[in-house]
Amino acid sequence: MKSRLRFLQGAVLLLALAQAGHAQAAATETTDPPPTPSALDAELFYELLLGELNVQGTEPAAGFALVLDAARRTNDPALYQRAVEIAFQGRSGDAALQAARAWKQAFPESREANRYVLQILLALNRVAESAEPLKAELAMVDPKERAAVLGAIPRLYARVSDKKLAANVVERALAEAVAQPATAAAAWTTIGRVRLAAADEAGALDAAKRAQAADPKAEAPVLLGLELMDPRQPQAEAIVRRYIDDKPLPELRMGYARALLDAQRYAEARQQLQLVTSEKPELAEAWLALGTLQMQDNQLAPAEASLKRYVEMAQTQRGPEERSRGMAQAYLVLSQIAEKRRDYAGANAWLDKIENSQDLVLAQSRRASILAAQGRMDDARKLIRALPERNPNDQRMKLNAEVQLLRDNKQYKAAYDLLAGAIAKEPRDYDLLYDQAMLAEKLDRLPEMERLLREVIALKPDYHHAYNALGFSLADRGVRLPEAKQLIQKSLEYAPGDPYISDSLGWVEYKLGNKGEALRILDTAYKARPDPEIAAHLGEVLWSVGERDRAQAVWREGLMIGADNDTLQETLQRLHVKP
């Protein structure tokens, strides 16, 4: 019954095609010259019908062969395409390639046929054979569209297994494009992206530089430069800076600001964000990032203004999911601002606005912080523990939130014990071990801290925080200083340029008596990340070399950023200074 139904469906389809052909002929009977007779004669009709029946039945390979034969006999592009589709349905990549190549051979100038060949070769992972169809695609495309086609090439090759071979193939295929001024920048950028996909960062950087040299105003090389930005590759940032310094698109300046934020270069990021909000004030994301940075720097009034500007603009400028995440962040930071002002009712009011369930832990953590500030620690902990646990990630977020609450309120023993219970269940969790080590230091259990940190390093040798924490602890106590310096330098190998680790290195240099070097390192670190603890160390070194006015100025800045910072307060008390 089913086979009969398929037969009838196929017959109806082919009759419809035949009628359409006769109708076209009839419509042109009075025109001159006479119409070309339809190619759908009885024999072809039967062959196509039998082919479709085989495709629907148990012999799709036979059906494919019949349809491909019909395509060759009629030289009809639609039938070639149908043969490719049949092969796809049968999950036969080789057959699809056969049909696509036959189509391309019959119609050498067909861009659609060539695209099918290229895409099928890549789907089959036959990368080496893709060079010629790729060249043909670039040759056949309208010159106005060539840059866009070049930009799409890295996505075409994204799923192939041999990325190095793909990079070589693309580079050979684009040899003519890189030699043409109109396409050189786009072509070099594409080469850079496939090199980057092949983990050839040096080659990608070289291509990005060549792309910018070909067209200094092009945006694509800058986007590639942003992806390559890393302290180990300063020339990538130079590509970005050359563009940014010459009236850039605000969106690309925003991209640079994001990269600076990722690198924890907050002062520079804030400068770029201020320019973005000036050049394109309708870019809501910039206000959110700027407000968050201003809050970190304890600039409460400007932060509040920036965040409220974001909240007002985001209502109409973002997609629902992205808007929800951004609004949640804005509400959380606005809540923190209110809490800092001891406006606890206002802080809770901002938290009440959060709708996204994924942000519930953050919101409840803020509420718990407010309760703790009012002396209601038991209620605060109960609030966090009452959160639902839908998966292991929720459980971990709750644990981290409660530990952080206890740490912020100097209840180090309770936090240590809470982590000990979690580590008993996950003894190889290096993040938990590291957190417990930091609490052991707060409890003055220094041998325990060192044991835990060395355990972290043994479990994860590239965990740079552990090297830094141990090295700084030794330096701060003035013991085993050469070992402390080695540990901190090891940490910097994994996180070059990190201002907090540089702070540690500057401090150990100071303890070793190298005050000039210490001053240089700490000054650079403080400019990269104005932080109260770095301010404490930089100020002390300045104080020790007689630059007391500058030391007091740095300490005053540190107090504005974080007046309650333990290290800064201890430094001022020890040196009997009132800045």
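A salt bridge here is a side-chain nitrogen of Lys or Arg within 4 Å of a carboxyl oxygen of Asp or Glu. By this rule the chain you see above has 43 salt bridges. Keep in mind as we walk through it that this is a predicted model, so let us look at the confidence before the chemistry.

The mean pLDDT of the chain is 86, with 88% of the residues at 70 or more. That confidence varies from element to element: helix α26 has the highest mean pLDDT, 97, while helix α1, covering residues 2-27, has the lowest, 42. Over residues 1-33 the pLDDT is below 50, and this stretch has 16 contacts in the model beyond near neighbours in sequence. Where pLDDT is low, the predicted coordinates should not be read in detail.

Now for the overall picture. The chain has 33 helices and 0 strands. Of its 579 residues, 47% are buried. Its accessible surface comes to about 29700 Å², and carbon and sulfur atoms contribute 51% of that. If you take the contacts with a separation of 6 or more, 51% of them are between residues 24 or more positions apart.

Let us return to the salt bridges, with a few examples. Side chains of opposite charge can pair when their charged atoms come close. In helix α18 (residues 300-317), K308 and E304 lie 4 residues apart, about one turn of the helix. Their side chains meet in a salt bridge, with 3.3 Å from N to O. K308 has a relative accessible area of 40%, so this residue counts as partly exposed.

The same spacing along the sequence returns in helix α33 (residues 566-574), where R574 and E570 are also 4 residues apart, about one turn of the helix. The closest N and O atoms of this salt bridge are 2.8 Å apart. R574 is partly exposed, with a relative accessible area of 39%, and E570 is partly exposed at 39% as well.

Another pair to find is E547 with R550, a salt bridge whose closest N and O atoms are 3.8 Å apart. Here E547 is partly exposed at 34% relative accessible area, and R550 is partly exposed at 33%. Salt bridges can also join into a network, as they do for D94, R101, R126 and E129.

Aromatic rings give a second set of side-chain pairs, and the structure holds 8 of these. Take Y434 and Y463: their ring centres are 5.5 Å apart and their planes meet at 55°, so the pair is tilted. Y434 belongs to helix α25 (residues 430-442), whereas Y463 sits in the loop between α26 (446-459) and α27 (464-477), so the pair ties together parts that are 29 residues apart in sequence. Y434 is buried because its relative accessible area is 15%, under the 20% that sets the limit for buried residues. Y463 is buried too, at 10% relative accessibility. Together with Y430, these two tyrosines form one aromatic cluster.

A ring can also have a charge as its partner. The charged end of R445 sits over the ring of Y416, at 4.8 Å from the ring centre.

From Y463, let us step along the chain into helix α27, where H464 lies. H464 is buried, with a relative accessible area of 17%. Leaving aside neighbours within four places in sequence, H464 is in contact with S491, Y494, A495 and I501. H464 and L492 are 28 residues apart in sequence, yet their C-alpha atoms are 7.4 Å apart in space.

N468 is found in helix α27 too, and N468 is buried, with a relative accessible area of 14%. Its contacts, again without neighbours within four places in sequence, are I488, S491, Y500, I501 and S504. Comparing the two contact lists, S491 and I501 appear for both H464 and N468.

Definitions and conventions. Residues numbered from 1 in each chain as written. Predicted model: local features only at pLDDT ≥ 70, side-chain atom pairs only at ≥ 80, totals over all residues. Heavy atoms only, no water. Phe/Tyr/Trp six-rings, centres within 6.5 Å; stacked < 30°, edge-to-face > 60°. Helix = DSSP H or I, 4+ residues; strand = E, 2+ residues; numbered from the N terminus. Buried < 20%, exposed > 50% of the residue type's maximum accessible area, 1.4 Å probe, protein only. Lys NZ or Arg CZ within 6 Å of the ring centre and 35° of its normal. Contact = heavy atoms within 4.5 Å. Areas by Shrake-Rupley, 256 points an atom, 1.4 Å probe, with all protein chains shown as cover. pLDDT = per-residue confidence, 0-100.
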